[in-house]
Structures are given as structure tokens and as C-alpha cells.
Amino acid sequence: MKKVDLFTDGACKGNPGPGGWAALLRMGRHEKELVGGEVLTTNNRMEMSAVIKGLNALIEPCVVTVHTDSRYVIDGMTKWIDGWKKRGWVNASKQPVKNADLWHDLIAAAARHKVDWQWVKGHNGHVENERVDVLASDEADRQARSRGR
């Protein structure tokens, strides 16, 4: 299996508000950047979307190291998901799991690959994290401008 590093970030101008996501895929010397956004969304949805879009961009199963500054994404996939499934997609407070649609998409996207989840401290000089942060923030700004028209 090919080894891929996936660096992701999400941004939102207001929460909810206009948002952007970005993913940087790297396999050896090859890199690909992906960017997208929504006019009305949340930061967590953008963080999740970045990982989903990055994983889905891979055309074959790979060994993927996901680098993200989102504890929400990492904890969801490594700590909370099994409990949510057992409880029928309600959280420990007996409330419906937020963003369940995207959690289902993320589970499906990750299932094709062997994924290792790596937390990166945000805004701390990590080159790739800084890059996807800029891309996601720029896209959130673009979404905000398009919303104002």
C-alpha cells in the first residue's frame, strides 16, 4: 500500500458562518492541495470536511497519516465513535450526535484506508498545518464575500 500524509484544517468566520476547509496530500515528492467551503457552516464541519475530502481524493487504499489540529476529529474517530454507534448515535448526554451526517461520511472515507491519526498543535509553526490554515481561512473569506452579494 502507498503511504500518504494528509494535512487538514477548517476555518469559519463566525460559528456558524461562512467557512472553508483545506487538505494537503503528500506522497513522496508529490503534493496536491484541495480547498472548498460553504456559505453557512461551523468550524467542526469544516474540520471534518477537510479530512473526508482528502481521504476520498485517494483513488486506491493507502496507509494514511492524518495530521490535524482538531481534537474533535481525532477524539471522535478514536474515542467516541464506538459509544455513539452502541447508543444509536446519541452522545453520553443522551442528545443526538452533532454532525452525524459527516461522521458517517468520515467513517466510510476512512474505512478504505489504514489511517493513523496525528494531532498537530495549531498556529505553532508547523509548516503544513500553517499552509492548510491559510488555505482554509482564505476560502472562508471567499465564502463570506460571496454571501455578501
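Biologist: What makes you say that β1 is mostly covered?

Modeller: In this predicted model, eight of the 11 residues of β1 are buried. A residue counts as buried when its relative accessible area is under 20%.

Biologist: How do you know that β1 and β2 are paired?

Modeller: Two strands pair if there are at least two bridges between them. Eight bridges join β1 to β2, and the two strands run antiparallel, so they pass that test. As an example, cysteine 12 stands opposite glycine 19 in β2.

Biologist: What lies between β1 and β2 in their hairpin?

Modeller: Four residues separate the two strands there. Glycine 14 belongs to this loop, and its phi is positive, about 95°.

Biologist: Why is glycine 14 called partly exposed?

Modeller: The relative accessible area of glycine 14 is 40%. Buried would need a value under 20% and exposed a value over 50%, so glycine 14 belongs to the class in between, partly exposed. Its C-alpha atom is separated by 8.5 Å from that of asparagine 43, although the two residues are 29 apart along the chain.

Biologist: And on what grounds do you pair β1 with β4?

Modeller: Here there are seven bridges, in the parallel sense. Since at least two are needed, β1 and β4 count as paired, therefore. In β4, lysine 2 has cysteine 62 as its bridge partner, valine 4 stands opposite valine 64, and phenylalanine 7 is partnered by histidine 67.

Biologist: Why is β4 said to be largely enclosed?

Modeller: Because six of its seven residues are buried, the rest of the structure largely encloses β4. β4 also pairs with β5, over six bridges in the parallel sense. One place to look is valine 66, which stands opposite tryptophan 117 in β5.

Biologist: What makes β3 and β5 the edges of the sheet?

Modeller: The five strands form an open sheet in the order β3-β2-β1-β4-β5, with mixed pairing. β3 and β5 each have a single partner strand, so one side of each has no neighbour in the sheet. From one strand to the next, the twist averages 20°.

Biologist: Glutamine 118 is in β5. Is glutamine 118 buried, exposed or in between?

Modeller: Its relative accessible area is 33%. That is neither under 20% nor over 50%, so glutamine 118 is partly exposed. Leaving out residues up to four places away in sequence, glutamine 118 touches Thr65, Val66, His67, Thr68 and Ile74.

Biologist: Now the helices. Which strands does α2 lie across?

Modeller: α2 lies across β4 and β5, and it runs at about 135° to β5.

Biologist: Why is α2 called roughly perpendicular to α3?

Modeller: The axes of α2 and α3 come within 11 Å and cross at roughly 100°. The range for roughly perpendicular is 65 to 115 degrees, so α2 is given that description. At this contact, Tyr72, Val73, Gly76, Met77, Ile81, Trp84 and Lys85 in α2 meet Trp103, Leu106, Ile107 and Ala110 in α3. These residues divide into nine nonpolar, one polar and one charged.

Biologist: How do you know that the length of α4 agrees with what a helix should span?

Modeller: α4 has 21 residues, and at 1.5 Å a residue it should span 30 Å. Its end C-alpha atoms are 30 Å apart, so the two values agree.

Biologist: Which strands help to cover the buried residues of α4?

Modeller: The cover includes β1, β2 and β3. Among the buried residues of α4 are Val132, Leu135, Ala136 and Ala140, and also Glu128, Asp133 and Glu139.

Biologist: Glutamine 143 lies in α4 too. Why is glutamine 143 called buried?

Modeller: Its relative accessible area is 8%. The cut-off is under 20%, so glutamine 143 counts as buried. Apart from its neighbours within four places in sequence, glutamine 143 is in contact with Pro18, Gly19, Gly37, Glu38 and Val39.

Notes: Residues are numbered from 1 along each chain as its sequence is written. This is a predicted model: local features need pLDDT of at least 70, side-chain atom pairs count only at pLDDT 80 or more; totals for chains, interfaces and linings use all residues. Side-chain values use heavy atoms; hydrogens and water are left out. The expected span of a helix is 1.5 Å times one less than its number of residues. Buried means under 20% relative accessible area, exposed over 50%, partly exposed in between (1.4 Å probe, protein chains only). Contact means heavy atoms within 4.5 Å. Axes are lines fitted to C-alpha atoms, for helices over the stretch in contact, and angles run from 0 to 180 degrees between N-to-C directions. Angles under 35 degrees count as roughly parallel, over 145 as roughly antiparallel, 65 to 115 as roughly perpendicular and the rest as oblique. Ala, Val, Leu, Ile, Met, Phe, Trp, Tyr, Cys and Pro count as nonpolar, Asp, Glu, Lys and Arg as charged, and the others, Gly among them, as polar.
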